[in-house]
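User: Hey, got a minute to go through a model with me? I'll throw questions at you as I scroll around.

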2 protein chains.
Amino acid sequence: MDFKDSIRYIPLFKGLPDRQIEELSRIAIRYSFLKDRIIFSEGDEADGFYVLISGRVKIYKLSKEGKEQILHIVEAQEPFGEVPAFAGKRFPAHAEAIEDSITLFFPRDAIVQLIKNDPSLALNMLALLSLRLRQFTVLVEDLSLKEVPQRLAAYILLIGEREKTDEIELNINKKQLASLLGTIPETMSRILGKMVSKGLIDVQGRRIKLIDKKALEELAYGAKLDI
Amino acid sequence: MDFKDSIRYIPLFKGLPDRQIEELSRIAIRYSFLKDRIIFSEGDEADGFYVLISGRVKIYKLSKEGKEQILHIVEAQEPFGEVPAFAGKRFPAHAEAIEDSITLFFPRDAIVQLIKNDPSLALNMLALLSLRLRQFTVLVEDLSLKEVPQRLAAYILLIGEREKTDEIELNINKKQLASLLGTIPETMSRILGKMVSKGLIDVQGRRIKLIDKKALEELAYGAKLDI
DNA sequence: CTTATACATTGACTTAAGTCAAAAAAAATA
DNA sequence: TATTTTTTTTGACTTAAGTCAATGTATAAG
């Protein structure tokens with residue numbers, strides 16, 4: 001199979017000369033995962049990393065009691081599982097397809113070789129890891145220093161800005177939104193309910209209409225959401 | 001000034017040819033910070049990163065109410081503030097010297113140039129960022145999925161193993177230990193008290209003697225610490 | 001040595017968010 | 001369409017950990 005076109009437009013591989021793209025398409029292995037399939041588990045030995053071509057993948061931790069904390073939702077064109085390619089040899093978290101997904105797998109040795117040959121791949125990879133670190137500092141800040149209503153308000157506003165609309169459509173269900181924000185569905189549901197009754201938003205299933213953006217911003221910034 | 005010897009033995013620069021070490025020592029700028037001095041603040045523009053030569057530095061987030069969450073305690077020889085060198089342009093967190101500290105500062109442009117020339121520096125940097133990501137997944141897991149007694153037990157055991165002793169000496173005060181574990185001094189104090197009364201440990205100021213390691217391991221793994 | 005400043009502990013109380021159980025609503029499958 | 005199955009919501013209750021205030025204990029400075 002020839003993956004050249006899938007590979008050429010992956011941001012991680014931006015700026016690579018044709019020869020390298022060719023080489024990448026030779027070493028890539030295509031893996032497909034149906035919805036709900038585990039791609040790897042925490043502690044599994046890794047000998048390469050993935051790039052998501054289509055679908056969606058959640059990266060998450062599990063507590064002993066089975067509570068889940070989503071670290072990241074991988075979207076198309078993004079790499080995932082890169083940590084053990086460069087440090088340690090086991091995946092630090094679980095990965096599961098939350099939609100039918102197609103991935104390309106790149107063996108570690110081949111990638112390391114490519115990095116040695118091409119600094120732009122190295123710099124792209126450094127940028128990617130740095131971005132993830134930045135995102136993690138926000139997650140830690142949220143979990144440790146903010147309350148659930150603040151996180152939820154910030155999330156809603158973020159999606160609204162990203163999609164440039166005041167009527168957002170969640171692309172994950174509320175259970176997973178709870179897991180992403182470090183809480184549980186019951187709490188999520190109650191807080192959404194409060195936001196509705198306070199006139200901040202309107203909820204229809206996965207549709208959320210942002211009504212009082214100013215109040216949402218205050219909430220995200222630290223105000224309280226009483227009663 | 002000539003920093004060649006300080007630089008040569010920094011793990012990040014391991015494997016670099018002499019020419020590059022020379023170049024690094026030319027571009028490095030030495031900055032000293034007294035205890036309690038802010039090195040940079042979240043949101044500050046960055047045009048390079050630091051390596052700690054001696055002393056200790058905390059990397060942390062602050063809530064609006066002033067609560068602090070330590071992300072990482074930087075020890076000698078470790079780089080810090082690397083994220084904006086590769087993605088974004090502002091520091092994602094604060095850095096403060098918790099001891100009198102000496103650092104070397106490396107301007108971004110020069111480092112990028114060096115990475116383009118030498119793949120081993122790129123791979124070292126990738127390893128470093130990957131390790132930090134791995135550590136962050138643990139921090140997120142702790143904050144979201146574990147209770148404070150579990151985190152504290154795990155921390156005590158970790159230090160014990162690292163120092164290969166059953167009588168550890170904290171190298172930070174309890175206030176900062178609380179901040180590192182995502183809690184507050186009062187809670188920290190109460191839990192240490194419980195651990196003492198249950199016969200798990202003995203505490204004398206910053207000295208903690210591990211008495212019942214088996215119980216500590218069970219606690220770290222998820223058992224409860226009642227009464 | 002004494003005073004000041006920071007650090008640590010303790011008690012009483014509050015609260016955000018969790019658990020458990022049940023019902024309602026929505027989505028998937030037969 | 002009917003029937004499972006999954007997701008979401010609601011209510012009653014519990015709990016871990018926070019707040020506030022006071023006190024005790026170090027450590028540093030005059």
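User: First up, in what sense do β9(A) and strand β11 of chain A pair, and over how many bridges?

Analyst: This is a predicted model, so keep that in mind throughout. In it, β9(A) and β11(A) (residues 207–210) pair in the antiparallel sense, over three bridges. A:E167 stands opposite A:K209 in β11(A).

User: What's the strand order of the sheet there?

Analyst: β9-β11-β10 in chain A, an open sheet of three strands with antiparallel pairing. The edge strands are β9 (167–169) and β10 (201–204) of chain A, each pairing on one side only. On average, and ignoring direction, neighbouring strands are turned by 20° against each other.

User: Which helix packs on that sheet?

Analyst: Helix α6 of chain A, residues 148–163. α6(A) touches β9, β10 and β11 of chain A, and its direction makes about 100° with that of β9(A).

User: OK, switching to the dimer side. How many residues of chain A are in contact with chain B?

Analyst: 37 residues of chain A, in contact with 37 residues of chain B. On the chain A side, β5 (68–74), α3 (83–86), α4 (108–117) and α5 each supply at least two residues.

User: Which of those gives the most?

Analyst: α5(A), with 20 residues. By class, the side of chain A that touches chain B has 22 nonpolar, eight polar and seven charged residues.

User: So how do α5(A) and α5(B) sit against each other, in terms of distance and angle?

Analyst: Both helices span residues 119–145, and their axes come within 9 Å and cross at roughly 20°. Angles under 35 degrees count as roughly parallel, and α5(A) and α5(B) are therefore roughly parallel to each other.

User: Left-handed or right-handed crossing?

Analyst: The crossing of α5(A) and α5(B) is left-handed. The residues of that contact divide into 20 nonpolar, four polar and two charged.

User: Now the DNA. Which residues come nearest to strand D?

Analyst: There are 19 residues around DNA strand D, and A:N173, A:K175, A:S189, B:E147 and B:T187 come nearest. The elements giving two or more residues to that surface are α7 (174–180) and α8 (185–197) of chain A, plus α6 (148–163) and α8 (185–197) of chain B.

User: Where does the largest share come from?

Analyst: From α8(A), which gives six residues to the surface near DNA strand D. By class, this surface has six nonpolar, six polar and seven charged residues.

User: And which residues come nearest to strand C?

Analyst: A:E147, A:T187, B:N173, B:K174 and B:S189, out of 19 residues around DNA strand C. Here α6 and α8 of chain A and α7 (174–180) and α8 of chain B give two or more residues each. The largest share comes from α8(B), with six residues. The classes near DNA strand C are six nonpolar, six polar and seven charged.

User: Last topic. What's the order of the four strands in the open sheet of chain B?

Analyst: β1-β8-β3-β6, with antiparallel pairing. The edge strands are β1 (29–33) and β6 (79–80) of chain B. Six bridges join β3(B) (residues 48–54) to β8(B) (residues 101–107), and B:S54 stands opposite B:I102 in β8(B).

User: Which helix lies across β3 and β8 of chain B?

Analyst: Helix α4 of chain B, residues 108–117, running at about 65° to β8(B).

Terms used. Residues numbered from 1 in each chain as written. Chains lettered and ligands numbered in written order. Predicted model: local features only at pLDDT ≥ 70, side-chain atom pairs only at ≥ 80, totals over all residues. Axes fitted to C-alpha atoms, helices over the stretch in contact; angles between N-to-C directions. Parallel < 35°, antiparallel > 145°, perpendicular 65-115°, else oblique. Left-handed = near helix turned anticlockwise from the far one by under 90°. Nonpolar A, V, L, I, M, F, W, Y, C, P; charged D, E, K, R; others polar. Near = placed C-beta within 6 Å. Pairing = 2+ DSSP bridges. Contact = placed C-beta atoms within 7 Å.
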